[in-house]
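Let's walk through this structure together, beginning at one loop and working outwards to the whole chain. Keep the view open beside you as you read.

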Amino acid sequence: DEALLAQLARNHEVLLTVEEGAKGGFGAFVLHALAERGLLDSDSRKSGLRIRTLTLPDIFQEHDSPEKMYVQAGLDARSIAAAAIKALGRGDERALKLIAG
């Protein structure tokens, strides 16, 4: 939904994509759609949109429970929240410790 992507890019500071795939998947399609509309250009926004594409790492993962594999890949809830906080520029130790529990 390119209209939704455009609305998100115009009205938010950070855009995260999360996928159970490798680089070059959903996140790449989102970046391409935003670039085609000029929404990654510095003059299209008052401040720069911060985008993070979270994907599975390009490594062999030993078989384990999905939860443990997501933690190793950085795709668990805490890792996603940490990526958002860092992208917002609020990645200080105190904020990250709150996420870590």
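A good place to start is Thr55, which sits in the loop between E2 and H3. The coordinates you are looking at are a predicted model. Is Thr55 buried or exposed? With a relative accessibility of 15%, Thr55 falls under the 20% cut-off and therefore counts as buried. Setting aside residues up to four places away in sequence, Thr55 touches Glu19, Gly21, Ala22, Lys23, Ala73 and Leu75.

Step back by one residue and you reach Leu54, in strand E2, which covers residues 50-54. Leu54 is buried too, because its relative accessibility is 14%. Which residues does Leu54 contact, beyond its neighbours within four places in sequence? They are Thr17, Val18, Glu19, Leu75, Ile80 and Ala83. Glu19 and Leu75 are thus partners of Leu54 and also of Thr55. Lys23, which Thr55 touches, lies 31 residues from Leu54 in sequence, yet the two C-alpha atoms are 8.4 Å apart.

Now follow the chain to Gly74, in the loop that links helix H3 (66-73) to helix H4 (77-87). Gly74 counts as partly exposed because its relative accessibility is 23%. Apart from neighbours within four places in sequence, the contacts of Gly74 are Ser79 and Ile80. Ile80 should look familiar, as Leu54 contacts it as well. Looking back along the chain, Pro57 is 17 residues from Gly74, with 8.5 Å between their C-alpha atoms.

H4 itself is worth a moment. Its buried residues are Ala82, Ala83, Ile85 and Ala87, and Ala83 is one of the contacts of Leu54. After H4 comes Gly89, with a positive phi near 80°.

Let's turn to another pair of helices. H1 (residues 2-11) and H2 (residues 26-36) pack with their axes 10 Å apart, at an angle of about 75°. That angle lies between 65 and 115 degrees, so the two helices are roughly perpendicular to each other. H1 brings Glu2, Leu5, Ala6 and Ala9 to the contact, while H2 brings Val30, Ala33 and Leu34. Sorted by class, that makes six nonpolar residues, one charged residue and no polar ones.

Several of these residues reappear in the largest nonpolar core, which has ten members: Leu5, Ala6, Ala9, Leu15, Val30, Ala33, Leu34, Leu39, Leu49 and Ile51. H1 and H2 are the elements that give two or more residues to this core. In soluble globular proteins, nonpolar side chains tend to be buried together. Take Val30 as an example: leaving out neighbours within four places in sequence, it contacts Leu5, Leu15 and Thr17. Thr17 is also a contact of Leu54.

With those details in place, look at the chain as a whole. How many helices and strands does it have? There are five helices and two strands, arranged along the sequence as α-β-α-β-α-α-α. Of the 101 residues, 30% are buried. Among contacts with a separation of 6 or more, 58% join residues 24 or more positions apart.

Finally, a word on confidence. The chain has an average pLDDT of 84, and 84% of its residues score at least 70. By element, strand E1 (residues 14-18) has the highest mean, 94, and helix H5 (residues 93-100) the lowest, 62. Where pLDDT is low, the predicted coordinates should not be read in detail.

Note on methods:
Residues are numbered from 1 along each chain as its sequence is written. Side-chain values use heavy atoms; hydrogens and water are left out. Helices (H or I, at least four residues) and strands (E, at least two) are DSSP runs, numbered from the N terminus. Buried means under 20% relative accessible area, exposed over 50%, partly exposed in between (1.4 Å probe, protein chains only). Contact means heavy atoms within 4.5 Å. Axes are lines fitted to C-alpha atoms, for helices over the stretch in contact, and angles run from 0 to 180 degrees between N-to-C directions. Angles under 35 degrees count as roughly parallel, over 145 as roughly antiparallel, 65 to 115 as roughly perpendicular and the rest as oblique. Ala, Val, Leu, Ile, Met, Phe, Trp, Tyr, Cys and Pro count as nonpolar, Asp, Glu, Lys and Arg as charged, and the others, Gly among them, as polar. pLDDT is the predictor's confidence in each residue, from 0 to 100. A nonpolar core is a set of buried Ala, Val, Leu, Ile, Met, Phe, Trp, Tyr and Cys residues joined through side-chain atoms within 4.5 Å.
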